Amino acid sequence: MKSVISIRDFSRKEIDSLIVLALEKKRSGTVKKLNKKVASLFFENSTRTRTSSETAAENEGCYVNGFAGPEGTSVMKGEPLVDTVRMFEGYGYDAIVMRHNLEGAARLACDTVSIPVINGGDGSNSHPTQTLLDLMTIVEAKGKIDGLKIALVGDLKYGRTVHTLLQAFELYKVEVWLVSPEMLAMPEWRIEDYKKAGKEVIFNDDLMQAISTVDVLYMTRIQRERFPEGPEGDFEYKKVSGIYNLNASMLKEAKKDLIILHPLPRYKHNLEIAIDVDKTPYARYIEQARNGMFMRQAIIERVFGKGFEERKKKNEEHNLLWQDLKIEHGKKMGQHMLYRLENGTLIDHIEAGKGESVIRVLGLGKYKETPMIYAKNLTSKRFGKKDVIGIKDKELSEEELSKLALVCSHATVNMIRDNSVFKKGNVILPYKLVELIECNNPGCITYKKHHEHAVSVFYVENQDPLRVRCHYCEKPMSREEIKLL
Ligand code: NCD
């Protein structure tokens with residue numbers, strides 16, 4: 001693995017070794033003479049991530065060029081992301097560092113070009129290099145991450161830095177406090193992901209209580225730019241702005257060795273951290289930002305060196321679509337009117353009530369030339385009640401079998417020729433689903449209104465209950481949430 005797209009791709013060993021390398025670079029000043037070309041493509045505002053990445057690349061002997069904001073580029077003419085990144089590959093750049101307002105943008109770029117891509121933030125989703133420098137700063141101050149109590153404070157809904165930090169904490173033994181107003185709470189699915197890793201979080205909207213308890217206070221800016229546009233967004237923002245403003249007088253009850261972090265920028269019109277905190281021994285955010293350069297140097301060295309060790313996925317990757325079942329009563333003649341299909345496909349054991357969905361996703365209602373038999377609410381030994389659908393003179397394609405499995409998990413498919421079942425089985429969804437599901441996240445790069453023409457890709461994380469995850473924005477969906485393309 002040579003790209004840095006999501007912290008979910010990184011093993012703990014890899015993260016720990018990057019921290020060691022970055023701290024070593026900071027201590028000794030050692031650099032490589034890499035002699036590579038790095039494209040710095042910032043489609044969205046940035047101060048630290050862009051300049052520290054560029055300085056890091058230059059320190060390691062790279063040539064850097066690109067753009068800081070879409071103004072002045074053909075992005076403003078409506079160019080799709082895939083074309084922009086292909087150009088830089090074509091000009092002989094060896095890697096891309098990029099930031100974009102859409103979730104999954106870095107993943108799409110990485111799938112498009114063959115050079116490594118480093119994600120400097122993709123919408124509300126992810127900011128892996130920030131998380132690595134945050135962890136580095138914690139290790140530098142505390143000597144460890146395990147065993148610490150860490151509060152994430154403020155905009156946990158839209159803030160990509162806290163989303164990514166929480167994903168990294170899946171790998172550590174930390175006590176995580178989520179301190180936010182309800183309106184800016186960490187998305188439910190992100191907490192579910194964290195819990196699936198065997199962890200618990202502590203919800204508490206009382207900042208004072210967090211201050212007196214935790215070892216690390218991670219403050220964030222309210223991400224005004226990610227609120228809905230128009231009066232609705234203005235109203236929401238007014239309700240929460242200034243809700244957690246920290247000042248030095250609030251730190252009286254803090255542990256002596258508390259550290260305060262903030263990815264920066266802070267918002268000058270309503271400071272999350274008052275200027276008087278800067279002089280206290282707790283303030284680490286300026287040093288944290290400086291560490292960004294050393295961490296990005298470590299990342300650049302690895303990108304052009306041995307690459308990164310991947311985190312092992314728990315779920316099985318397989319391309320199966322079919323599991324054969326024993327054919328017991330090959331001849332279906334005469335058993336039941338319904339089974340009198342000379343040729344075609346009989347879909348049995350559909351959970352009662354799901355028949356309509358099967359008809360819809362297979363488009364059976366539409367074409368008259370595919371005569372269909374549909375029986376509802378039959379008695380089933382296995383499910384109590386079931387629906388059964390027979391389609392005359394038709395075999396299902398792989399795509400149709402996948403769609404069937406997406407709406408109902410237990411169906412048995414009988415393929416019939418000359419009055420005999422010649423193939424019988426259950427459909428099992430393959431690990432990777434291409435161009436089948438529409439992502440329901442409006443911030444996702446695959447969302448139609450963004451016109452980025454990204455082909456939908458989902459991974460099946462769990463068959464029953466079904467859970468799939470968008471390859472780009474990483475948001476999971478349950479069977480009930482799935483909308484087929
Ligand atoms: C953060 C970001 O862009 O997500 N900043 C950063 O990279 N240092 C946080 C923010 O903008 O509030």
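## Domains 1 and 4 in contact

In this predicted model, domain 1 and domain 4 touch: 12 residues on the domain 1 side are in contact with 13 residues of domain 4. Measuring between C-alpha centres, you will find these two domains 26 Å apart.

To place them along the chain, the domain assignment puts domain 1 at 7-126 + 292-303 and domain 4 at 432-484. Domain 2 covers 129-290, and domain 3 covers 322-427.

## Where the ligand sits

Now to the ligand, which is found in the largest pocket. Its surroundings are made up of T49, R99, H127, Q130, R160, T161, R221, Q223, P263, L264 and P265. What is the chemical character of this shell? The residues divide into 3 nonpolar, 5 polar and 3 charged.

## Polar contacts and burial

Several close atom pairs are worth a look in your viewer. On the side-chain part, H127 places an N or O atom 2.7 Å from an oxygen atom of the ligand. The side chain of R160 likewise has an N or O atom 2.7 Å from a ligand oxygen atom. P263 takes part through its backbone, where an N or O atom lies 2.9 Å from a nitrogen atom of the ligand.

How much of the ligand does the protein bury? Taken alone, the ligand exposes 320 Å², and the protein buries 94% of that.

Key
Residues numbered from 1 in each chain as written. Predicted model: local features only at pLDDT ≥ 70, side-chain atom pairs only at ≥ 80, totals over all residues. Heavy atoms only, no water. Near = heavy atom within 4 Å. Polar contact = N/O pair within 3.5 Å; in protein donor to acceptor, adjacent residues only side chain to side chain. Areas by Shrake-Rupley, 256 points an atom, 1.4 Å probe, with all protein chains shown as cover. 1 Å grid on protein atoms, 1.4 Å probe; cavity = no way out; pocket = protein on both sides within 12 Å on 5 of 7 lines; lining within 4 Å. Sits in = over half its atoms within 2 Å of the grid points. Nonpolar A, V, L, I, M, F, W, Y, C, P; charged D, E, K, R; others polar. Domains from an automatic or database assignment. Contact = heavy atoms within 4.5 Å.
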